[in-house]
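Colleague: I would like a close look at a single part of this chain, taken slowly enough for a first-year student to follow. Please choose one part and describe how the rest is arranged around that part.

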Amino acid sequence: MTGPLAPEILVPRLGDSLVEKGLLAQADLERALAYQKRMRDAEGKRILLGEALIQLGLIQRAKLDAAITEQIAQLQEALRQSNLFLEERVRERTAELQEALDKLTELNRLKNDFISNVSHELRTPLAHMVGYIDLLSAEALGSLNDEQRNALLVLEKSYHRLSSLIDNLLFLSFDTAESLPLDSGPVQLQQLFPQLMTQARAKPAAAQVAFSHELPADLPAIQADANKIEWAIGQLLDNATKFNQEGGKVHLSASLDGRRVQIAVADTGVGIPQERIAEIFEPFHQLDGSSTRKAGGAGIGLTLAWRIVEAHGSKLVVESLPGKGSRFSFSLPVVQVQSE
């Protein structure tokens, strides 16, 4: 659609209009313009064209006033038409943007439905797999030799990895932190931290690093969804382990800060350049996207940890130096004691 012309372009200038109407000869217009210029250059006076025409006696005042009134009316009509055009264009553009937003919302809904449905469908064959894995491990289907036991261990690890990925996909189907449901209640970190350390040390990459944790014995309980917070901290520990170096360290800590408890996972790993920190929270994205990268994974663990922390009304803070390590931290409120 062609844009509107400026109203002043649609209406002839005063001098041209007077000539077109036969109220002024072209020679008289040029004489008045020259008079304007002479007054401005010689005496520093700026006079309007209409004044110049009157002073030179080239047109009657009544005819000039009528011509100016008509020109003002034309300008007002041109301005009205221009405003109508702009209003219509704004309505059209607003409708286009709303249509694009509706399509994006629908695509996002379809994506989440697809992820959720696929995740649920994958659980059925996984249930069969774990059932037979348990039977084989218990030698209910016959005795196993050492080679078969080693193969079964590989199969069991692959099952747990696939099960974890499906859980992650289910979390990812909640497209915003606000849509992630929480089952909030008191959580004792004194009980949670040892469990997390045991799980972290059991990971294949854990053999190359040393784990430690620290928290006050009298640390009050926090208000949180125990399962989701455990999962989020576990992802931070897993990330700190995978991107560490041989002989490196991973430290989990908690400390009281007023009415909130700060939880932190620090490592001595590869670190993250400051300008690339935002990238690590993008789903299905890893800073080293090459086929030869050392750390595996689908690239959604940190995305989901960030969403879980955000769903709790907190913020995941990242401090990192390349080659020195990283520290991920967030805070959660302590359980409010009801006064009697």
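**Helix 9, helix 8 and the core they share**

Modeller: In this predicted model, eight of the 11 residues of helix 9, which covers residues 301-311, are buried, so helix 9 is largely enclosed by the rest of the structure. The buried residues are Gly301, Leu302, Thr303, Leu304 and Ala305, followed by Arg307, Ile308 and Val309. Just after helix 9 comes Gly313, whose phi is positive, at about 80°.

Helix 8, the part to look at most carefully, runs over residues 226-242, and its 17 residues reach 24 Å from the first C-alpha to the last, which is close to the 24 Å expected at 1.5 Å a residue. At the N-terminal end of helix 8, Asp225 acts as a cap, with a side-chain oxygen placed 3.2 Å from the backbone nitrogen of Asn227. Burial means that a residue has under 20% relative accessible area, and because 14 of the 17 residues of helix 8 are buried, this helix too is largely enclosed by the rest of the structure.

What encloses these helices can be followed through the nonpolar core. The largest nonpolar core has 43 residues, and those with the most contacts inside it are Leu189, Ile233, Leu237, Leu252, Ile263, Phe328 and Phe330. At least two residues of this core come from each of helix 7 (189-201), strand 2 (209-214), strand 3 (222-225), helix 8, strand 4 (248-257), strand 5 (260-267), helix 9 and strand 7 (325-333). Among these contributors, helix 8 gives the most, with seven residues.

Phe330 shows how such parts meet at one residue: leaving aside its neighbours within four places in sequence, Phe330 is in contact with Ile229, Ile233 and Leu236, with Val261, Gln262 and Ile263, and with Val309, Ser314, Lys315 and Leu316. There is also a second, separate core, made up of 15 residues that include Leu14, Leu29, Leu58 and Ile59.

For the wider setting, the chain has nine helices and seven strands, and buried residues make up 34% of its 340 residues. Among contacts between residues at least 6 apart in sequence, 69% join residues that are at least 24 apart, and the contacts of Phe330 with residues such as Ile229 and Ile233 give a concrete picture to keep in mind while looking at helix 8.

Technical notes
Residues numbered from 1 in each chain as written. Predicted model: local features only at pLDDT ≥ 70, side-chain atom pairs only at ≥ 80, totals over all residues. Heavy atoms only, no water. Helix = DSSP H or I, 4+ residues; strand = E, 2+ residues; numbered from the N terminus. Expected span 1.5 Å × (residues − 1). Buried < 20%, exposed > 50% of the residue type's maximum accessible area, 1.4 Å probe, protein only. Polar contact = N/O pair within 3.5 Å; in protein donor to acceptor, adjacent residues only side chain to side chain. Core = buried A, V, L, I, M, F, W, Y, C linked by side-chain atoms within 4.5 Å. Contact = heavy atoms within 4.5 Å.
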